[in-house]
Amino acid sequence: MKPLRSAFAIMFLAATSTGAFSQNPGNPHRVIMQVTQADSATQVAVISQVRNVKKQLPNAEIEVVCHANGLPMLMKTGSKVASSVFELSRMNVKFVACENTMARQHVTVDDLLPQVGTVASGLTEIILKQEEGWSYIKGGH
């Protein structure tokens with residue numbers, strides 16, 4: 001019996017050390033981040049958080065969804081981090097604005113930074129991404 005247990009223990013250690021039981025094997029990390037606050041401290045914190053994730057997980061797919069009071073982060077007037085949004089969008093970070101929020105706040109696509117996309121509903125986008133296995137982060141401080 002002991003040799004059999006030892007063999008299983010060795011097989012388990014070998015499998016776990018090679019990543020056979022690792023989370024998300026062969027798949028990129030995918031992160032959906034929600035931003036709902038407009039203040040400049042939140043905008044700067046979100047950019048810092050995205051950079052920190054990209055530093056540790058350079059191949060991570062990240063989508064930042066701004067809705068409600070977070071929409072100004074992605075607008076030509078109101079964004080305190082426009083240059084960072086541009087820089088990060090070139091590093092596989094997607095920034096999207098909620099069309100429901102845009103309609104309520106009378107914001108058009110022309111009001112958004114050029115590299116920003118839109119989604120019909122920010123909350124629905126987050127729900128769908130989580131159902132696809134994306135990790136959720138509430139951005140800010």
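Colleague: Is glutamate 125 buried or exposed?

Modeller: Please bear in mind that this is a predicted model. Burial is read from relative accessible area, and a residue under 20% counts as buried. Glutamate 125 has a relative accessible area of 14%, so glutamate 125 is buried.

Colleague: With which side chain does glutamate 125 meet in a salt bridge?

Modeller: One looks for a side-chain nitrogen of Lys or Arg within 4 Å of a carboxyl oxygen of Asp or Glu. Here the partner of glutamate 125 is lysine 129, with 3.9 Å from N to O. Both residues lie in helix H5, 4 residues apart, which is about one turn of the helix.

Colleague: Which other side chain meets lysine 129 in a salt bridge?

Modeller: Glutamate 63 does, with an N to O distance of 3.4 Å. This pair links distant parts of the chain: lysine 129 belongs to helix H5 (residues 122–131), glutamate 63 to strand E2 (residues 61–66), and 66 residues separate them. Lysine 129 counts as buried, at 14% relative accessibility. Glutamate 63 also counts as buried, at 1%.

Colleague: Which residues are joined into one network by salt bridges that share partners?

Modeller: They are Glu63, Glu125 and Lys129. Lysine 129 meets glutamate 63 and also glutamate 125.

Colleague: How many salt bridges does a search of the whole structure find?

Modeller: The search finds 3 salt bridges. One of them brings together the side chains of glutamate 87 and arginine 51, at 2.8 Å from N to O. Glutamate 87 sits in helix H3 (residues 82–89) and arginine 51 in helix H2 (residues 40–56), so that distant parts of the chain, 36 residues apart, are linked. As for accessibility, glutamate 87 is partly exposed at 35%, and arginine 51 is partly exposed at 34%.

Colleague: Let us turn to the sheet. In what order do its strands lie?

Modeller: To read a sheet, one follows the pairing from strand to strand. The order is E4-E3-E2-E1-E5, in an open sheet of 5 strands with parallel pairing. Strand E4 (117–119) and strand E5 (135–138) are the edge strands, each pairing on one side only. On average, neighbouring strands of this sheet are turned by 30 degrees against each other, direction ignored.

Colleague: Over how many bridges do E2 and E3 pair?

Modeller: E2 and E3 pair over 5 bridges, in the parallel sense. Within this part of the sheet, glutamate 63 stands opposite lysine 94 in E3. Glutamate 63 is thus described twice: by its place opposite lysine 94 and by its salt bridge with lysine 129.

Colleague: What are the bridge partners towards the edge strands?

Modeller: On one side, E3 and E4 pair in the parallel sense over 3 bridges, and valine 96 has glycine 117 in E4 as its bridge partner. On the other side, strand E1 (residues 30–35) pairs with E5 over 4 bridges, again in the parallel sense. There, isoleucine 32 has tyrosine 136 in E5 as its bridge partner.

Colleague: Why is strand E3 described as largely enclosed by the rest of the structure?

Modeller: The description rests on burial: 5 of the 6 residues of strand E3 (residues 93–98) are buried.

Colleague: Which elements make a right-handed β-α-β unit?

Modeller: To read such a unit, one follows the chain from strand to helix to strand. E2, H3 and E3 make a right-handed β-α-β unit. From E3, the chain crosses through helix H4 (residues 99–104) to E4, and this β-α-β crossover is right-handed.

Key:
Residues are numbered from 1 along each chain as its sequence is written. This is a predicted model: local features need pLDDT of at least 70, side-chain atom pairs count only at pLDDT 80 or more; totals for chains, interfaces and linings use all residues. Side-chain values use heavy atoms; hydrogens and water are left out. Helices (H or I, at least four residues) and strands (E, at least two) are DSSP runs, numbered from the N terminus. Buried means under 20% relative accessible area, exposed over 50%, partly exposed in between (1.4 Å probe, protein chains only). Two strands pair if DSSP finds at least two bridges between them. Axes are lines fitted to C-alpha atoms, for helices over the stretch in contact, and angles run from 0 to 180 degrees between N-to-C directions. A crossover is right-handed if, with the strands pointing away from the viewer, the path from the first strand over the helix to the second runs clockwise.
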